[in-house]
Structure formats: structure tokens, C-alpha cells
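Here is a friendly walk through one protein model, from its interior to its open spaces. Have the sequence and the 3D view at hand as you read.

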Amino acid sequence: MQVFPSNTHRNSSSSNDAVSLPTIPLYRSAPPLEVRLEEFESFAIDRLRVLKGISDGLSRGKKPEEMATLVKDLWKANMRHQHASEVLNKDIISHFVLRLVYCRTEELRKWFLSMESALFRYRFREQVPEAQRVIMEEFDLPYKATSNVEYESVKEKLVQVARSLGQNSSTVDAIYYKVPFEEVPELVAGRKVFLSQGWAYVAMNQVVSLLATLFRSQLSKALILTNRKWTSSIREKEKHRLAPIVEALSSSYLGPDYSQPREYGEISLKDIDQVVKSSFPLCMRHLFEKLREDHHLKHGGRMQLGLFLKGVGLNLDDALAFWRAEFSKKVGLEKFEKEYAYNVRHSYGKEGKRTDYTPFSCQKIISSTPGAGDQHGCPYRHFSEENLRAALSRMGVNSRAMEDVMNKVRNRHYQLACTLTFEAIHGTQCDAGINHPNQYFSDSQKIFQQKKDSSA
């Protein structure tokens, strides 16, 4: 792939060649496509939304049929293109860009492998049988379908396996592939195949497990090679152009912009104490309470809470009054005006470079590293279990919901833990998940407003 500046016209003649490829490309080599710098990033972000949606769905324990619908909807919403002939190219380009993004560490590679393999699995199942056979041919499998004679000799065993999986014997596949059992570990572990003398009899409707294993193996090797190229030449060669984009994408926030107050999201000084208890996420509630208690926060805490308050509609004058009232109790009014007021105005874009700073996303907060005396960060990641349980209890999370939250924390699903906290407090599902503290506040206020309207 060649990447050109955004104002360069991309030659899309190669898209005609791409149409002849299978519906699901196997991404074995980067195609000779010209990619505008703008597309390099935007295509990757669109695919990343799909992969992160899959990750959230799996972490929430969605059922297979729910996941199938979720993946279909995510793909439809994010991987469209205004020109139909470019859809496949977008698919291919976005994969190879994210391969570059996620090849750089073992942890990134592991996540990308899992999500791309899951995506392949669900997309394959959506294909019509003829398209599935074309994809199978692309893998050049060394296995042949069992002959009629062999099929009849084991048919009774195959029917027994099918019945144990809840399938009607009349709908049992007549096409089976004889595969070394170690190549379908998922099917063997789930007792979903008949085993005989080291061979697994894999039904046509189970072939996706075999293909997904091969797909994952090929991608794993490709990621190692990509990492070598990245570290040996690409990173240095592209340090002023592509490298900043690549290094930022893996931690990018992909949700709405909360730099300006949204619907149901404006507060003033007179009602701030009330909404803290009803609608602040734990990370912001903790900072607010520590500020009230100590009349001081270090820089990281001031930035995290201050930008959140800005995002929920606290105007500059009220923000200055809020911080002044607390800090002056500890450092005095003169010192506040001299050392702290500037930073408040600066965060609102009224000083220095006049940058309009945006509130921190969950991902940014989770990745922070609070030091001694710091109060910022994500409580689900940075609190001890004892302190977290106490904080959740004060928020009104019941014991059953708390165990679900703690389970997510132990598995390092911090945003899901926050989502479950939101659901426990508000008594409603949050299908989109919590990805931003200001989203938590906005969604909470919306729920309370709807309850208020319905009761009226």
C-alpha cells in the first residue's frame, strides 16, 4: 500500500480486481492500493469500532445469536462506503492499517488476533454456501470430504453427536471433513465432533472452527513479521507522518465529543452537590468528595475533574467560583488567584494557546498512572478491592451486583465494571456500555428526566 497526502486523488482502478476476490478477504498480503492519508486513519477507526464492539459484546457474555446480530449491525454501520466498489478495498485497507497498529506489543497482538478471528468467524457464517466453498478453496485445505461409503459407516455416530447438540437427525449434514483432531481444539473441547483414531469428523456447518483456527495462525505469523518491519524500518522512516497516527490509534477514544455540554447535561453551582450523588461516575464522584474533604487536588485530579465539569456544562465563571471556594480554604484566596486560577481559565481555552481541551475518556483515565497523593485515575483499576467495595456500597450498589462488578474488575474489564455499576444504580440496561465519564453523566440525567416526565 502507498499512502498519499489527503488532497491527492486516489487511483481506484484496482477496485475492479478486488471485486473478483472472495467476499471475505484473507489478508495474506498488502494489496497494491493507493491510500490517502485521511483514509488511512478514518478506515482504521471505522474497523476499530467494529472490533471494540465485538470485544464489548464478548466481555458482556452475549449469546452466540446475539453476537451474530451485533457483528452484522456493527459491520453495516461502520464499514460502508459511498462507492459500493470501494467497500472491499476499505475492508482490506483498514485491516492492514490496524495490523500495523496492533503488531507492536504482545498484548496488542493478542487482542487483535482474538477480535479479527471472531470477526472472521461471524462473517463466514453469514455467507451463502457457495461463497463459503470459495473461501474454503482459498485456504487450500488438504482435507477431502468423506466418501459416501465412509459416511455411511459412521453415520450412526455422527447422528448421535448431532442429537447431543440439539440438532434434528433429518437435518444432519451429509458432507463431513476428516481432520486431525488437534486442528479443531474448540470442537473437541466442546464435544461437538465424532472422534475416531485421531481424526475428527467435521460437519460442513462446523468448518468455520477449522478455518478460524487457520486464519488465526496465519495472522499471528503475519503480525510477527509486521512487527519486525515496523521496528527495523517503518517507524523511523515514517516518524513524522504515519508513526504518530499508528501509535495513537490503539488508545484512541472513538465515541462522541463531550467538549461541549450535551442534551440533559448542564449544571450550575446551586445543584452540583445533588447531581454528584445521582449522576457522577465513581471516578468523578471520588475526586469531588476528596476535594470537599481536603480542599485540594493535585494537577492530575484537577484536570480530570475540571474538564469533566466543563463538559457537563459548568461555565467558566462558575468553575472559577467552585475551585476558588474550595482551594481558598487551604491555600488562601491570594495564592489561588496567583497559582491556580490561570490553569482553570487555560482549560477553558482562555489562556496560553487558547486550546479548547476536551474531557478525558475512560481509556485515557484507565491508562493514567497516579502517584503518591494523587486521587485521579480509574477506581476500578487503581483502588484496592476493599476500598472499591466500600465506594460502590456508598453509591448504592447491592451485594449481588457488586460481585458482578468485582468479577469484571478481576478480569480487567474496567469499563464493563463501570457499566454494571451504572445499570445497578439506574435499574436499566446500558447496551452501548460506558466509554466516557460524560456519557455516564448524560445518560444518567436522561434517565432521571424521563422518569420525571413520566411521573408528571
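Which residues touch the most other members of the largest nonpolar core? The answer is Ile54 and Phe120, in a core of 65 residues. Please keep in mind throughout that this is a predicted model.

## Two nonpolar cores

Phe120 is a good place to begin looking around. Beyond its neighbours within four places in sequence, Phe120 is in contact with Ile24 and Leu26, with Ile135 and Phe139, and with Leu211, Ala212 and Phe215. Apart from this core lies another one, made up of 55 residues. Leu291, Leu297, Leu305 and Leu392 are among the members of that second core.

## The chain as a whole

Let us step back for the overall picture. The protein chain has 22 helices and five strands. Taken along the principal axes, its C-alpha atoms fill a box of roughly 90 × 55 × 45 Å. Of the 456 residues in the chain, 47% are buried.

How do the contacts spread along the sequence? Taking contacts between residues at least 6 apart in sequence, 71% join residues that are at least 24 apart. On the outside, the chain exposes about 23,900 Å², and carbon and sulfur atoms supply 48% of that area.

## The largest pocket

Now for the open spaces. The largest pocket holds about 2,000 Å³ of space. Its lining counts 50 residues, and those nearest the centre of the pocket are Lys52, Ser55, Asp56, Gln363 and Gln415. By residue class, the lining of this pocket splits into 17 nonpolar, 19 polar and 14 charged residues.

Which helix supplies the largest share of the lining of the largest pocket? That is helix 2, with seven residues. Helices that each supply at least two residues of this lining are helix 2 (37-59), helix 3 (64-78), helix 5 (106-126), helix 17 (362-366), helix 21 (414-426) and helix 22 (437-455).

## Enclosed cavities

Rolling a probe the size of a water molecule over the atoms shows where empty space is left. How many cavities of 30 Å³ or more does a search of the whole structure find? There are six of them, and the largest has a volume of about 160 Å³.

The lining of the largest cavity consists of His299, Arg302, Met303, Gly306, Leu307, Trp323, Phe327, Phe336, Tyr340, Asn343, Val344 and Ser347. Seven of these lining residues are nonpolar, four are polar and one is charged. Helix 13 (299-311), helix 14 (316-331) and helix 16 (341-347) each provide at least two of them, and helix 13 gives the most, with five.

## Around His296

His296 sits in the loop between helix 12 (282-294) and helix 13. Is His296 buried or exposed? It falls in between: His296 is classed as partly exposed because its relative accessible area is 23%, while buried means under 20% and exposed over 50%.

Leaving out neighbours within four places in sequence, the contacts of His296 are Lys290, Leu291, Phe327, Lys330, Val331 and Tyr340. Leu291 is also one of the members of the second core, and Phe327 and Tyr340 also line the largest cavity. Ile267 is 29 residues away from His296 along the chain, and the C-alpha atoms of the two are separated by 22 Å.

## Three buried residues in helices

Thr421 lies in helix 21 and counts as buried because its relative accessibility is 0%. Not counting residues up to four places away in sequence, Thr421 touches Tyr380, Leu392, Met395, Val397, Val405 and Tyr440. Of these, Leu392 also appears among the residues of the second core.

Gln439 belongs to helix 22 and is buried too, with 9% relative accessibility. Outside its neighbours within four places in sequence, Gln439 is in contact with Tyr258, Gly433 and Ile434. Finally, Val161 is found in helix 7 (residues 148-164); a relative accessible area of 16% makes Val161 buried. Beyond four places in sequence, Val161 is in contact with Lys192, Val193 and Phe194. Val161 and Phe194 are 33 residues apart along the chain, with 6.5 Å between their C-alpha atoms.

Methods:
Residues are numbered from 1 along each chain as its sequence is written. This is a predicted model: local features need pLDDT of at least 70, side-chain atom pairs count only at pLDDT 80 or more; totals for chains, interfaces and linings use all residues. Side-chain values use heavy atoms; hydrogens and water are left out. A nonpolar core is a set of buried Ala, Val, Leu, Ile, Met, Phe, Trp, Tyr and Cys residues joined through side-chain atoms within 4.5 Å. Buried means under 20% relative accessible area, exposed over 50%, partly exposed in between (1.4 Å probe, protein chains only). Contact means heavy atoms within 4.5 Å. On a 1 Å grid over the protein atoms alone, a cavity is a set of points where a 1.4 Å probe fits but cannot get out, and a pocket is an open set with protein on both sides within 12 Å along at least five of seven lines; lining residues have an atom within 4 Å of a point. Grid points are joined across faces, edges and corners, and a volume is the space filled by probe spheres set on the points. Helices (H or I, at least four residues) and strands (E, at least two) are DSSP runs, numbered from the N terminus. Ala, Val, Leu, Ile, Met, Phe, Trp, Tyr, Cys and Pro count as nonpolar, Asp, Glu, Lys and Arg as charged, and the others, Gly among them, as polar. Accessible areas come from the Shrake-Rupley method with a 1.4 Å probe; for residues, only the protein chains shown count as cover.
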